[in-house]
Amino acid sequence: MNQTNRALNRTLLLVVGLVLLILGAAVVTVFVWPVAAEYWTKWTRAAQNWMEQAIAATMIPGMASGVVIGVLALIVLLVGLLIFVLTRIGGGRSRTVLRSTAADNPLGLVRVNDAFASDALKQALGQRGEILFSTVTTHEVRKEPVMQVSVTPRQNTSPRGVVEDVDHLVTNLATLTGKTVPTYISVRSGLRAKFADDQRRVN
Amino acid sequence: MTTTDSTFRRIVRRETHSPRTVATVIVVAILILALSYAAVEIVLALASQPPLLVTPAEAWAWVIALPTLQPSSAVIAGGVVLALFGVLLMVLALKPGRLPRHEMAWNGRVVVVDNGVIASALAERVSDETGVAREDITVGVGHRTVDVTVTPGPGVPFDSAPVKQLVEEEIRIFELTQPMNTRVHVSRARESDLD
């Protein structure tokens, strides 16, 4: 759960995919259809002539042509946009689980750090034999803090029971801190669960 | 409470569908490399330096000559590969990309469970109830179906109807938001495997 801009990811994939498809189809078409080959040669030559004229017309003496500089600027702009796309991936982690202002708490401004919530929950979850591994993180979803509790139980454990345990612990934490945080519980499988003993150890 | 509900919907949506991050990062990295390379060749040509591979003018001449390039089969194959990559990216962009996870109905919280967890829990339950060894039971959980395959010992009579009922009941307890179809197969080890 992060704030990756998924629409942006998909739009980029769609546009690049469409361009590749058109290019690929064009290459195949000019080979198998002579008429298309004629047009290809005509248009690419025309583009070359136009380009040469444009370069000559916009030549800045002692420097480069304006068109070439424009092309370079366009490349820099595109690379900048692509880097922007990369920066939109991930993010959204927040440190504060719970914040109460003076208005709703007699103690005034109270902040519960995610490290506290995480330690408290992990401590409690660690005592349960069927849970191998747990993480507790906080995310901002639509400017609202949301706590994510992610647990990996042993194989063959009923997820309902695991979620009941986690639910109970989260309720206890809410009682302790005096405020309920929207909580998202994910029950994971994975390599860790595959390689661990699948039965609860009987001590 | 409605804000929280829409927030929860958003979380479930994001947790059960792929963000396509890996594909995006790969495509963006390749595009940045290609654009940077083009820029380097243009600058080298401007400075009248020897090119790294081809000058921009040579590259454009190659584009003009494309329909006459040899061997044509190699160029056609290249075009087909390019188009297939395009189709692949478009499929990635348009398919929902559902992850193998299920939402569990839970009052006041969002619960998402990996299919593997559900499958192994179901298999354990079937094993407990039927007495068939756990490793002789395979359970696959999909978006809408649960497939249970039981391999009872040779000669052991086995009825699949109670197993189906058992699995359906267990799934009802899990309260998955997606209704599931259950299928039970009984697979008999072939004689040749018993030697």
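**Exercise 1. Determine the handedness and the angle class of the crossing of α1(A) and α2(B).**

Solution. The crossing of α1(A) and α2(B) is left-handed, a term for a near helix turned anticlockwise from the far one by less than a right angle, clockwise being right-handed. The contact, defined by heavy atoms within 4.5 Å, is made on α1(A) by A:N9, A:L12, A:L13 and A:V16, and on α2(B) by B:T21, B:A23, B:T24, B:V27, B:V28 and B:L31. These residues divide into seven nonpolar, three polar and no charged, where Ala, Val, Leu, Ile, Met, Phe, Trp, Tyr, Cys and Pro count as nonpolar, Asp, Glu, Lys and Arg as charged, and the others, Gly among them, as polar.

For the angle, take α1 as residues 6-32 of chain A and α2 as residues 21-46 of chain B, whose axes come within 10 Å and cross at roughly 55 degrees. Axes are lines fitted to C-alpha atoms, for helices over the stretch in contact, with angles from 0 to 180 degrees between N-to-C directions. Since under 35 degrees counts as roughly parallel, over 145 as roughly antiparallel, 65 to 115 as roughly perpendicular and the rest as oblique, α1(A) and α2(B) are therefore oblique to each other.

The model is predicted, so local features need pLDDT of at least 70 and side-chain atom pairs 80 or more, while totals for chains, interfaces and linings use all residues. Residues are numbered from 1 along each chain as written, chains are lettered from A and ligands numbered from 1 in written order, and side-chain values use heavy atoms, without hydrogens and water.

**Exercise 2. Describe the open sheet of chain B and the helices that pack on it.**

Solution. Helices (H or I, at least four residues) and strands (E, at least two) are DSSP runs, numbered from the N terminus. Three strands form the open sheet in the order β3-β4-β5, with mixed pairing; two strands pair if DSSP finds at least two bridges between them. Because β3 (137-141) and β5 (181-186) of chain B each have a single partner strand, they stand at the edges. Six bridges join β4 (residues 145-150) to β5(B), and these strands run parallel; the partner of B:V150 in β5(B) is B:V186. Helix α5 (residues 115-130) of chain B packs on the sheet, touching β3 and β4, at about 145 degrees to the direction of β3(B). Helix α6 (residues 160-174) of chain B also packs on the sheet, touching β4 and β5, at about 145 degrees to the direction of β5(B).
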